[in-house]
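Student: I'm new to this structure and would love a close look at one part of it. Could you pick a helix and walk me through it?

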Amino acid sequence: MKNLIFKFLFLTILTILITEITKSVLNLDKLIYSSLSEQLTTQQIEDFLNLQNKWQWLGYFFAPVMLLIKTTLITSVIYVGTFFFSKKEAQYKILWDIVIKAEFIFLLVPFFKIIWFYFFQTNYELEDFQYFYPLSAINIVGYQGLEAWFIYPFQVLNLFELAYWLILAFYIGKATKTNMDNGLKIVASSYGLALFLWVAVIMFFTLNYS
């Protein structure tokens, strides 16, 4: 259990560290300033940025909370999925460990964003940064021509998500003493269904409030 907690804390620290590196390297405060300059006065923007910096510590608090909620929810739906496609029950603790391992793949996303905007697309706006998702369908079709409620599902269709599924499937196959194919069935029937419902909810709210 200690090893599992250490992995979770390590994932949390890396997430916070990479977020801060991204903000620093790509100068996100400048992007925010530029984006708000047409709507707010200079003083209002500075007050907003100062307030954001003042309460920055809340982000450090919410990072582990959000990761805990995300990983435990995914673990829970996968745990249910093992009842349908596995004769051997996998312990919740083992499945949580697998989910945490798989989560490390998403740490590559901000690194790809840094590389893209620092070396390739050096002239960009805040919306370009927000909507860009490396190795995803959104970069093929472009966000400018999409309805707002289609942007998120096109971001979710990416190679990192595919790698996440495959990592989960591989380790779940080992945990249930079956194989990767069976692990993929478990992932698709549990996490895949939950992801589909989540995307549908985001699309619904975006459609109604955009």
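Tutor: Let's look at helix H11, after a short word on the whole protein. Please keep in mind that this is a predicted model. The secondary structure comes to 11 helices and 0 strands. Of the 210 residues in the protein, 37% are buried. Among contacts with a separation of 6 or more, 64% join residues 24 or more positions apart.

Now to H11 itself, which covers residues 180-209. With 30 residues at 1.5 Å a residue, this helix should span 44 Å, and its end C-alpha atoms lie 41 Å apart, so the two values agree. Along the way, H11 bends by about 35° at Ala-188.

At the start of the helix, Asn-179 has a side-chain oxygen that comes to within 3.2 Å of the backbone nitrogen of Asp-181. A little further on you meet Asn-182, which has its place in H11. Asn-182 has a relative accessible area of 14%, and because buried means under 20%, this residue counts as buried. What does Asn-182 touch, leaving aside its neighbours within four places in sequence? Its contacts there are Phe-85, Ser-86 and Thr-176.

Asn-182 has company in being buried: the buried residues of H11 also include Gly-183, Ile-186, Val-187, Ser-190 and Tyr-191. Further along the helix, Gly-192, Leu-195, Val-199 and Met-203 are buried too.

To finish with the outside, the protein exposes about 13100 Å², and carbon and sulfur atoms supply 68% of that area.

Methods
Residues numbered from 1 in each chain as written. Predicted model: local features only at pLDDT ≥ 70, side-chain atom pairs only at ≥ 80, totals over all residues. Heavy atoms only, no water. Helix = DSSP H or I, 4+ residues; strand = E, 2+ residues; numbered from the N terminus. Expected span 1.5 Å × (residues − 1). Bend = angle between axes of the 7 residues up to and from the residue. Buried < 20%, exposed > 50% of the residue type's maximum accessible area, 1.4 Å probe, protein only. Polar contact = N/O pair within 3.5 Å; in protein donor to acceptor, adjacent residues only side chain to side chain. Contact = heavy atoms within 4.5 Å. Areas by Shrake-Rupley, 256 points an atom, 1.4 Å probe, with all protein chains shown as cover.
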